[in-house]
Amino acid sequence: MSVSVLLSIIVTSLATYLSRFLGVISSIKIKETSKIFRWFNCLAYATLAALIARTIIFPVGALSDASYLSRSIVVLLSLGIFFLTKKNFVYPTIFSAISMSIINNYF
Amino acid sequence: MIKRKLFLKGYKSILKPDSPAIALACCFVAIGALLKNVGFNIQESVFSTMLIYALPGSLVMAESILIGASLLSIFIAVWFVNARLYPMAVSLFPLMMDENQPKWKYYLSCHFIAVSAWLIMKSNYEAIEKKDRVDFWIGIGTATWSVSILATALGFYLADYLNKDMLMGLAILNPIYFTCMMVGAMKTLQITLSVTLGAILGPVFYFFSPEWSILLGGLIAGSIAYFIGEKNVS
């Protein structure tokens with residue numbers, strides 16, 4: 001392993017572990033029935049929703065090559081399939097991968 | 001030590017028909033392919049997933065290496081991107097805290113906090129006794145972590161065979177899977193508002209500050225949802 005890559009991996013893992021570890025330390029004094037726990041629960045769901053929405057609307061990596069229109073179509077169709085299949089997670093997920101690969105060639 | 005029965009019960013949760021294993025694996029296949037294109041060898045790719053185990057963090061690291069960023073800037077950028085793990089930990093670990101369990105279990109198993117494992121635990125913890133939940137959690141975490149490591153290695157070796165359209169298909173899987181899981185979790189007013197407002201405010205704040213958009217969006221959306229929910233209950 002090259003030293004720079006190895007150091008980058010270690011620095012990235014420390015930066016990632018820090019948030020996780022601080023979360024556990026804070027959890028020691030928080031009861032699951034407390035108001036602060038309910039607040040953090042809302043923060044966690046909202047932050048995840050923000051992350052997912054940003055990943056779809058302002059993507060980085062491979063998805064950034066797909067157009068807004070093709071991404072929007074795939075998301076809407078996948079959600080439609082999610083509700084049609086009585087909230088099954090697998091069908092819309094597999095559908096999204098196949099349709100993304102195909103639709104991007106047309107839009 | 002860790003109770004084998006609970007550990008295996010957690011581990012097997014990724015074998016359920018609607019488990020996130022497939023979506024998770026596909027994303028790490030894409031990461032494995034990306035790391036190879038950035039110039040990582042197989043050991044570095046696998047090692048990075050083992051130690052980091054957070055998709056956005058790995059993406060930021062790969063991009064930073066490409067542009068020759070310093071170690072300090074990598075640390076700060078990754079810390080910002082992965083700061084979401086803090087509220088995720090605080091909203092999960094109080095459900096598992098038990099005086100009779102050794103602290104090392106919590107300090108080590110917090111490495112498994114990631115969207116997939118977090119969502120599985122959130123939807124299954126009520127069926128497990130509180131004193132046993134951390135062992136169940138370690139099982140879930142080990143399972144999702146193993147899937148990610150294996151998929152990274154697979155992605156590394158498949159990199160030469162995956163074209164742009166295939167990588168795009170793999171990249172959309174995870175956001176779609178998590179969108180469905182979040183919509184499925186919208187069972188109370190607070191969670192429904194949190195998810196809806198977060199999905200709106202996250203991208204809106206991106207126009208003002210891309211680095212802070214997720215944290216600010218999450219903080220404001222989550223706080224609004226909390227106050228409306230509390231007011232509604234009282």
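On helix α5 of chain B, B:Leu72 and B:Ser73 are exposed, on the other side of the helix from its buried residues. This contrast comes from a predicted model, and the buried set within residues 71-81 is made up of B:Ile74, B:Phe75, B:Val78 and B:Val81. Viewed down the axis of α5(B), the buried residues fall within an arc of 140°, so they line one face of the helix.

The rest of chain B gives this helix its setting. The chain holds 12 helices and 0 strands, and its pattern along the sequence is accordingly α-α-α-α-α-α-α-α-α-α-α-α. Of its 234 residues, 53% count as buried. The C-alpha trace spans about 55 × 50 × 35 Å along its principal axes. A compact globule with 234 residues would have a radius of gyration near 17 Å, and the 18 Å found for chain B agrees with this. Contacts within chain B often bridge long stretches of sequence: among those between residues at least 6 apart, 78% join residues at least 24 apart. The domain assignment divides the chain into domain 1 (4-174) and domain 2 (186-234). Taken over C-alpha atoms, the centres of these two domains of chain B are separated by 24 Å.

A second helix of chain B, α2 (residues 21-38), lends itself to a simple check of geometry. At 1.5 Å a residue, its 18 residues should span 26 Å, and the end C-alpha atoms are 25 Å apart, which agrees. As for its surroundings, 14 of the 18 residues of α2(B) are buried, so this helix is largely enclosed by the rest of the structure. The residue that follows α2(B) is B:Gly39, whose phi is positive, near 120°.

Chain A can be described along similar lines. Its secondary structure comes to 4 helices and 0 strands, read along the sequence as α-α-α-α. The radius of gyration of chain A is 19 Å, well over the 13 Å that the globule rule gives for 107 residues, so chain A is more spread out than a compact globule. Its C-alpha trace extends about 50 × 45 × 20 Å along the principal axes. Burial in chain A reaches 48% of the 107 residues.

Where the two chains meet, the contact takes 70 residues from chain A and 86 residues from chain B. On the side of chain A that touches chain B, the elements giving two or more residues are α1 (3-27), α2 (35-57), α3 (68-84) and α4 (90-103) of chain A. The element that gives the most to this side is α2(A), with 21 residues. By class, the side of chain A that touches chain B has 44 nonpolar, 19 polar and 7 charged residues.

Helix α2(A) merits a word of its own. Its 23 residues should span 33 Å at 1.5 Å a residue, and the end C-alpha atoms are indeed 33 Å apart, which agrees. Within α2(A), 18 of the 23 residues are buried, so the helix is largely enclosed by the rest of the structure.

Two residues of chain A add local detail. A:Ala66 is found in the loop between α2 and α3 of chain A. With 23 C-beta neighbours inside 10 Å, A:Ala66 counts as buried, since the threshold is 20 or more. Not counting residues up to four places away in sequence, A:Ala66 touches A:Arg71, A:Met100, A:Asn104 and B:Met168. From A:Ala66 to A:Phe95 there are 29 residues in sequence and 16 Å in space, C-alpha to C-alpha.

A:Phe95 also appears in the surroundings of the other residue, A:Ile81: leaving aside neighbours within four places in sequence, A:Ile81 is in contact with A:Tyr91, A:Pro92 and A:Phe95. The place of A:Ile81 is in helix α3 of chain A. Here the neighbour count is 19 C-beta atoms inside 10 Å, and A:Ile81 therefore counts as partly exposed. A:Arg71, one of the contacts of A:Ala66, is 10 residues from A:Ile81 in sequence and 15 Å away in space, C-alpha to C-alpha.

Notes. Residues are numbered from 1 along each chain as its sequence is written. Chains are lettered from A and ligands numbered from 1 in the order in which they are written. This is a predicted model: local features need pLDDT of at least 70, side-chain atom pairs count only at pLDDT 80 or more; totals for chains, interfaces and linings use all residues. Two residues are in contact if their C-beta atoms, placed from the backbone, lie within 7 Å. Ala, Val, Leu, Ile, Met, Phe, Trp, Tyr, Cys and Pro count as nonpolar, Asp, Glu, Lys and Arg as charged, and the others, Gly among them, as polar. The expected span of a helix is 1.5 Å times one less than its number of residues. A residue is buried if 20 or more other C-beta atoms lie within 10 Å of its own, exposed if 12 or fewer, and partly exposed in between; C-beta atoms are placed from the backbone. The radius of gyration is taken over C-alpha atoms; the globule rule is 2.2 Å times the number of residues to the power 0.38. Domain bounds come from an automatic or database domain assignment. The arc is that of the directions from the helix axis to the C-beta atoms.
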